[in-house]
Amino acid sequence: LPSDHATGWWMLAGGEIAWVVALGFILAAVEKQERHCRLVSSPEIVKMALRAKTQHGVSLYELSVLGPTLVVFLRQLGCPFCREALADLANQRKQIEAQGTAITLIHMADEAAAHKALKAYGLEDLPRVRDMGQTLYRAFGLPTGKIMQIFDLRSIVRLVPLVAKHGAGRVQGDGLQMPGVFVIFHGEVLKAFRHQSVADRPNYVSLASEQDYPIAS
């Protein structure tokens with residue numbers, strides 16, 4: 001009988017553990033789905049976000065009416081991958097602007113730090129929006145990254161040469177925030193590139209290509 005009781009107890013405990021594990025998977029799936037829903041931006045949310053103004057007092061919407069605008073959401077400015085992105089933008093800027101596309105930057109630093117960081121790449125004159133609360137990042141569906149998006153094999157391999165080339169600084173903003181690039185025109189998002197890894201390196205010239213732009217009415 002004691003043996004039967006022990007067997008029954010272990011069966012009961014095993015059942016409870018299995019139930020808890022199953023519940024954990026269900027809750028994780030629900031949380032993932034809810035997070036996905038939160039990150040899928042509606043046109044209404046984006047339009048509200050486009051009211052945000054640059055350092056010159058011009059809204060993102062107004063910039064998009066003037067012409068196609070490449071909106072680049074940066075990682076925190078001390079990040080080597082962010083600095084690589086700034087270097088790429090500096091190198092590709094003439095090609096991007098030659099296609100009639102303007103560039104606007106979104107960052108999470110204070111204005112003095114942003115100006116200093118951008119000046120190092122000759123980009124301090126570009127329109128920029130400070131989004132320390134990451135409201136715009138959320139509106140455009142850019143999440144805080146998971147560990148494997150920040151420290152995946154590709155980012156680890158690329159990190160050492162990037163630090164040697166661009167250096168690294170103190171964290172200026174949310175170190176887990178994922179970047180992204182969008183083309184907006186007349187208040188609408190025409191193209192989107194959401195980084196799956198911090199090591200992703202978008203082709204800004206290709207994203208800025210005018211061939212897919214609709215004729216504004």
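This text goes through a cavity, a kinked helix and two loop residues with unusual backbone angles in a predicted model.

The cavity is a good place to start. The structure holds one cavity of 30 Å³ or more, and the space inside the largest cavity comes to about 160 Å³. Its lining is made up of 18 residues. Those that lie nearest the centre are Phe-81, Ala-85, Pro-179, His-195 and Tyr-204. Three elements give two or more residues each to this lining: strand 1 (69–73), helix 4 (80–98) and strand 4 (180–185). Helix 4 provides the largest share, with five residues. By residue class, the lining of the largest cavity divides into eleven nonpolar, five charged and two polar residues.

Helix 4 also takes part in the surroundings of helix 8, where it is among the elements that cover the buried residues. Helix 8 spans residues 153–166, 14 residues in total. The distance from its first C-alpha to its last is 20 Å, close to the 20 Å expected at 1.5 Å a residue. Helix 8 nevertheless has a kink of about 40° at Leu-159. The proline Pro-161 comes shortly after that kink. Four residues of helix 8 are buried: Ser-155, Arg-158, Leu-162 and His-166. Besides helix 4, the cover over these buried residues includes helix 7 (147–150). Directly after helix 8 comes Gly-167, which has a positive phi near 75°.

A positive phi also turns up at residues that are not glycine. Most residues other than glycine have a negative phi. Gln-134 is not a glycine, yet its phi is positive, at about 60°. Where in the chain does Gln-134 lie? Gln-134 sits in the loop between strand 3 (128–130) and helix 6 (135–139). Is Gln-134 buried or exposed? Gln-134 counts as buried because its relative accessibility is 12%, and buried means under 20%.

His-186 is another residue other than glycine with a positive phi, here near 50°. His-186 is found in the loop between strand 4 and strand 5 (188–194). Strand 4 is one of the elements already named for the lining of the largest cavity. At 32% relative accessibility, His-186 lies between the 20% limit for buried and the 50% limit for exposed, so this residue counts as partly exposed.

Note on methods: Residues are numbered from 1 along each chain as its sequence is written. This is a predicted model: local features need pLDDT of at least 70, side-chain atom pairs count only at pLDDT 80 or more; totals for chains, interfaces and linings use all residues. Side-chain values use heavy atoms; hydrogens and water are left out. On a 1 Å grid over the protein atoms alone, a cavity is a set of points where a 1.4 Å probe fits but cannot get out, and a pocket is an open set with protein on both sides within 12 Å along at least five of seven lines; lining residues have an atom within 4 Å of a point. Grid points are joined across faces, edges and corners, and a volume is the space filled by probe spheres set on the points. Ala, Val, Leu, Ile, Met, Phe, Trp, Tyr, Cys and Pro count as nonpolar, Asp, Glu, Lys and Arg as charged, and the others, Gly among them, as polar. The expected span of a helix is 1.5 Å times one less than its number of residues. The bend at a residue is the angle between axes fitted to the seven residues ending there and the seven starting there. Buried means under 20% relative accessible area, exposed over 50%, partly exposed in between (1.4 Å probe, protein chains only). Contact means heavy atoms within 4.5 Å.
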